[in-house]
Amino acid sequence: MNHFQRRSGRLHAEQVPLDELARTHGTPLYVYSTATLTRHWKVLERSLRGLRHLTCYAVKANGNLSVLSTLARLGAGFDIVSGGELYRVLQAGGDPRKVVFSGVGKRDDEIAFALGAGVRVLDVESASELARVSVVARRLGVRAPVALRVNPDVDARTHPYISTGLHRNKFGVPAEEALRLYRLAARDPALHVKGAAMHIGSQITEVAPFLDAVKRMLGLVRKLEKEGITLGHLDIGGGLGIPYDASAEPPPTPAVWGAALRKALRGFRGEVLLEPGRVLVGNAGVLLTRVLHVKRNGRRRFVVVDAGMTDLVRPAMYQAFHEIEPVGSPAERQVTCDVVGPICESSDFLAKGRRMPEVAQGDLLCVRSAGAYGFSMSSQYNARPRAAEVLVDGEEALLARRRETYADLVRGEEPARRGGRLGSRRGLR
Ligand code: LLP
C-alpha cells in the first residue's frame, strides 16, 4: 500500500496533487511520501516483533537528508558503504552508534572517519581489510568494532548484477576463511569482534534463499562458540523485494518473510541486525516526467520524455520494470510504445514495448516505485543537472533538494588557461 493514489482523476502524493508539484518545481522531479515511508517502516518492524533486532536502513537506496531524518526519528539505524554516506547520516541527525559500515573496499580515511564517529561496527570483507582496520585503529589508539561479512554461497535468484551471495561474487569471505579470520581478530588487541554479517542480494522475491543463508550463518556461529568466540549480533543484510509490476506475482510480504526469519533465528541468542533499503523506500517515491515529443520510427512509437537514464538508470542497467501512468486522467485508447529519455544512448529508456494509455506532448507522467536506487544512482551525464526532490507530508511539500543549476555542473572545475604550463600553478595544487 502506498499513498500515491488517484482522486477525481488526478494522481496525488498524500493530499498534494502531483501536477501542482511539477508546476512549482519543474520536471524531472522525485516525489517521496512521508506517510508511505512511515507505513513501510512500521510494517517491517511489526513483522519482526519478538525478535531482538536493530533495523539499519541501507542509505544507498535513497540518501536524501529528508528521508534519513524521517527514518532516524522512527528509530532507524543506518547501513553505510562510504565516508560520504556516514556524512549524510550525521547531517540528518542519525545516531552513529546505530551505524553499520559495509562495503568491499574502504579507504583508510573512511575507516578513520567511522572509528572517530563511533560507529557500531565495521563489516570486514577480506583478510587484507581486517589488517588495514587494525592498523588504522592502532594509529588512532582505539579498538575497532568488527564483524566479518561472510559469503554464504547461496543463490538469491535475482538479477545477476544485484546478486551478491555466491562465491563468484566479490563480496564477503567464504565461511572457512571466516573461521580463520575470527581467530586472528579475537587475538588482535586493536580489534573487538562484535558479530557476523551477510547480504545475499537485492530484489529477492522468495523467502528460501534468506533461510538457507541464515542456516549457514548459524552453523558458523556454533563453530565459533565451540572455540570460545561469542558473537553479539548477526546481521542478515537487506534484499527483500518489492512489487514493481502490479500484474506480476508479488514478492513475499514483510509479514511472511519476517515470520519465517523469526523462526529460523529462534536459536540465536544475540541481537539481529538488518539492512533493508528498497522495501522501505522503493514504493515511497515516484519520478515525474513530462512528455516532450511523440514520434514514430517505422512501426515503433516513441514517447520522448524529459527524464532519462541519468535520472533513473534501473531500466537501462537491470532491464527493470517501472509502472508508468499519466498524472491526469488516462486516455481510453491504449497504445504500445517505448518511453525514452533525451540521452544520446540507445539504452536510454524507461520502458520498452509498453502497453499504456495514449499520451501527447506536454502530458505529465508518473514513474512508480522510483524511491529506491532512483535519485541515488542519478548522474550528470550529457551535462544534465540532477533533478529536484520533494518530500510530501499530508498537505505539505518540502523541497528536499533543489534542482541543480548549470553552475552546479562546473562547480570545482578549472578551465586550462592559455600561456604557460597550464597557466597557473594554483590549479595544480
Ligand atoms: N546491505 C548491503 C551490504 C547491500 O549491498 C545492499 C544493497 C543492501 C543492504 C540493501 O539492499 P536492499 O534491501 O535495498 O535490496 N541498484 C540496484 C540495487 C543494488 C543493491 C546494492 N546493495 C537496483 O536498483 O536494483
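**Close-up 1. Polar side chains at the ligand in this predicted model.** Let's start with Ser202, which places a polar side-chain atom 2.4 Å from an oxygen atom of the ligand. Two acidic residues join in on the nitrogen side: Glu275 has a polar side-chain atom 2.6 Å from a ligand nitrogen atom, and for Asp79 the corresponding distance to a nitrogen atom of the ligand is 3.2 Å. On its own, the ligand would expose 590 Å², and the protein buries 92% of that area.

**Close-up 2. The residues surrounding the ligand.** Altogether, 18 residues lie around the ligand. Those that come nearest are Ser202, Glu275, Arg314, Tyr318 and Tyr373.

**Close-up 3. The buried side of helix H9.** Helix H9 runs through residues 254–264, and its buried residues are worth picking out: Pro254, Trp257, Gly258 and Leu261. They sit on the same side of H9 because they span an arc of only 95 degrees around the axis. Here is the rule of thumb behind such patterns: with 3.6 residues a turn in an α-helix, residues three or four places apart point the same way. The packing partners of the buried H9 residues are helices H2 (34–47), H8 (208–226) and H10 (278–281), together with strand E13 (271–274).

**Close-up 4. The hairpin of strands E1 and E2.** Strand E1 (residues 4–7) pairs with strand E2 (residues 10–13) in the antiparallel sense, over 4 bridges. To find your bearings, look for Phe4, whose bridge partner in E2 is Ala13. The hairpin has 2 residues between its strands, and Ser8 in the turn adopts a positive phi of about 40 degrees.

Methods. Residues numbered from 1 in each chain as written. Predicted model: local features only at pLDDT ≥ 70, side-chain atom pairs only at ≥ 80, totals over all residues. Heavy atoms only, no water. Buried < 20%, exposed > 50% of the residue type's maximum accessible area, 1.4 Å probe, protein only. Arc of directions from axis to C-beta. Contact = heavy atoms within 4.5 Å. Pairing = 2+ DSSP bridges. Near = heavy atom within 4 Å. Polar contact = N/O pair within 3.5 Å; in protein donor to acceptor, adjacent residues only side chain to side chain. Areas by Shrake-Rupley, 256 points an atom, 1.4 Å probe, with all protein chains shown as cover.
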